[in-house]
Amino acid sequence: NAAFDVGFLNHEFTKLGHTSQIEDICSVLDTLKLARDKHPGQKNNLDALCKRYGVDNSNRELHGALLDAEILADVYLMMTGGQVSLSLAAEQFEPQQDIEQNDLTTIERPRSVLKVIQADTAELAAHQMMLEKLQASSDGNCVWLK
């Protein structure tokens, strides 16, 4: 659901003082819209798409952005009929031996300083209370406290 995720990212960039939005810089492909167009009237959440396309999501016990992105990449490849793997194994490529140092150009670009915003006391207390609620509702199995 690109609109949902991009909205959050644009909000965070605004808080950092950036005036551009992601859509101004690059195109955004909404895989949920793609799935809905391809499979109208069917469930198109990530688990349903994994099942439909035979993508292994057995490691997906909890929602996690990195794992979900990796799984979605596999689903996307299956949905679009493109390559069937994102693997770039080194043995598939022959190194090019005839590149001379003069052929390479290094481009230096200034790095922006990452602004770190620390949680204040009230936010830390609210976070701790939430963890305690999760601990109680999970019979002492809150993974964030392990």
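**Figure 1. Glu 12 and Lys 15 pair up along helix α1.** At 40% relative accessibility, Glu 12 is partly exposed. Lys 15 is partly exposed too, with a relative accessible area of 46%. The two side chains form a salt bridge in this predicted model. Their closest N and O atoms are 3.9 Å apart. That pair counts as a salt bridge because the cut-off is 4 Å. Why are Lys 15 and Glu 12 separated by about one helical turn? They are three residues apart in helix α1.

**Figure 2. The whole chain is built on helices, with zero strands.** How many helices does the chain have? It has six. Along the sequence the pattern reads α-α-α-α-α-α. The chain has 146 residues, and 15% of them count as buried. Salt bridges also appear in this model: the structure holds four.

**Figure 3. A nonpolar patch on the surface takes in Leu 9, Phe 13 and Leu 16.** Together these residues offer about 240 Å² of accessible area. Leu 9 sits in helix α1, which spans residues 2-15. Is Leu 9 buried or partly exposed? Its relative accessible area is 42%, so Leu 9 is partly exposed.

**Figure 4. Lys 33 and Asp 37 form a salt bridge in helix α3.** Here the N to O distance is 2.8 Å. The residues are four apart in the helix, so about one helical turn separates them. Asp 37 is exposed, at 53% relative accessible area. Exposed means over 50%, so Asp 37 passes that cut-off.

**Figure 5. Asp 47 and Arg 60 meet in a salt bridge.** Their side chains come to 2.8 Å, N to O. This pair links distant parts of the chain, 13 residues apart. Asp 47 belongs to helix α4, while Arg 60 lies in the loop between α4 and α5. How exposed are the two partners? Asp 47 is partly exposed, with a relative accessible area of 39%. Arg 60 is partly exposed at 22%. The cut-off for buried is under 20%, so Arg 60 does not count as buried. A further residue joins in: Asp 47, Arg 60 and Asp 68 are linked in a network of salt bridges.

**Figure 6. The largest pocket holds about 660 Å³ of space.** How is such empty space found? Rolling a probe the size of a water molecule over the atoms shows where space is left. The lining of this pocket is made up of 22 residues. Which residues lie nearest the centre of the largest pocket? They are Asn 1, Ala 2, Asp 5, Thr 31 and Leu 72. Several helices contribute to the lining of the largest pocket. Helices α1, α3 (31-38), α4 (46-53) and α5 (65-80) each supply at least two residues. Sorted by class, the lining has 13 nonpolar residues, five polar ones and four charged ones.

**Figure 7. Asp 139 has a positive phi.** Its phi is near 55 degrees. What sign does phi have in most residues other than glycine? Most of them have a negative phi. Asp 139 is a residue other than glycine, yet its value is positive. Where does Asp 139 lie? It is in the segment after α6, the helix of residues 121-137. Asp 139 is exposed, with a relative accessible area of 70%.

Key: Residues are numbered from 1 along each chain as its sequence is written. This is a predicted model: local features need pLDDT of at least 70, side-chain atom pairs count only at pLDDT 80 or more; totals for chains, interfaces and linings use all residues. Side-chain values use heavy atoms; hydrogens and water are left out. Patches are made of residues with over 30% relative accessible area and no salt bridge: like charges are joined within 9 Å, nonpolar side chains (Val, Leu, Ile, Met, Phe, Trp, Tyr) within 5 Å. Accessible areas come from the Shrake-Rupley method with a 1.4 Å probe; for residues, only the protein chains shown count as cover. Buried means under 20% relative accessible area, exposed over 50%, partly exposed in between (1.4 Å probe, protein chains only). On a 1 Å grid over the protein atoms alone, a cavity is a set of points where a 1.4 Å probe fits but cannot get out, and a pocket is an open set with protein on both sides within 12 Å along at least five of seven lines; lining residues have an atom within 4 Å of a point. Grid points are joined across faces, edges and corners, and a volume is the space filled by probe spheres set on the points. Ala, Val, Leu, Ile, Met, Phe, Trp, Tyr, Cys and Pro count as nonpolar, Asp, Glu, Lys and Arg as charged, and the others, Gly among them, as polar.
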